[in-house]
Amino acid sequence: MPEEDLVDIKFRLYDGSDIGPFQYSSTSTVDMLKQRIVSDWPRGKTITPKAVNEIKLISSGKVLDNNKTVGQCRTPFGEVAGGVIIMHVVVQPSLAKTKTVSLHIYPWRSSV
């Protein structure tokens, strides 16, 4: 793989800590990056993703689509040759796992 095809990326977590940097091919998909994040997630964090679909990656203010490649997500401005790209990681647990509160409306009460 040619040297120019490799991109250094590190992932910034919610508490300011980082995972990486790691080198990726510009043909790697965002889904592949998310798989690496889940497998390398640091132990002891209060928020931990259980699956790839609980992670959103943000680069240059944009949420990245899973099917996009690293090369498609790169922005031409703000990158320094040989520099590391920082992507922010947002963990959003799936709705099925969150608790729901049911509200009961009592018609015989005048105020709730």
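**Salt bridges in close-up**

**View 1. The salt bridge between R36 and D40.** In this predicted model, the side chains of R36 and D40 come together in a salt bridge, with an N to O distance of 2.7 Å. R36 is partly exposed, its relative accessible area being 30%, and D40 is likewise classed as partly exposed, with a value of 31%.

**View 2. The network of K10, R12 and D18.** Salt bridges with shared partners connect K10, R12 and D18 into one network. Within this network, R12 and D18 form a salt bridge in which the closest N and O atoms lie 2.4 Å apart. D18 has a relative accessibility of 30% and therefore counts as partly exposed, while R12, with a relative accessible area of 22%, is also partly exposed, since the buried class is reserved for values under 20%.

**View 3. The salt bridge between D15 and K45.** A salt bridge joins the side chains of D15 and K45, with 2.4 Å from N to O. The two residues are 30 residues apart and the pair links distant parts of the chain, because D15 belongs to the loop between β1 (6–12) and β2 (18–25), whereas K45 belongs to the loop between α1 (30–39) and β3 (55–59). D15 is partly exposed, with a relative accessible area of 42%, which places this residue below the limit for the exposed class, set at over 50%.

**View 4. The whole structure.** A search of the entire predicted model finds four salt bridges, among them the pair of R36 and D40, the pair of D18 and R12 and the pair of D15 and K45.

Technical notes. Residues numbered from 1 in each chain as written. Predicted model: local features only at pLDDT ≥ 70, side-chain atom pairs only at ≥ 80, totals over all residues. Heavy atoms only, no water. Buried < 20%, exposed > 50% of the residue type's maximum accessible area, 1.4 Å probe, protein only. Helix = DSSP H or I, 4+ residues; strand = E, 2+ residues; numbered from the N terminus.
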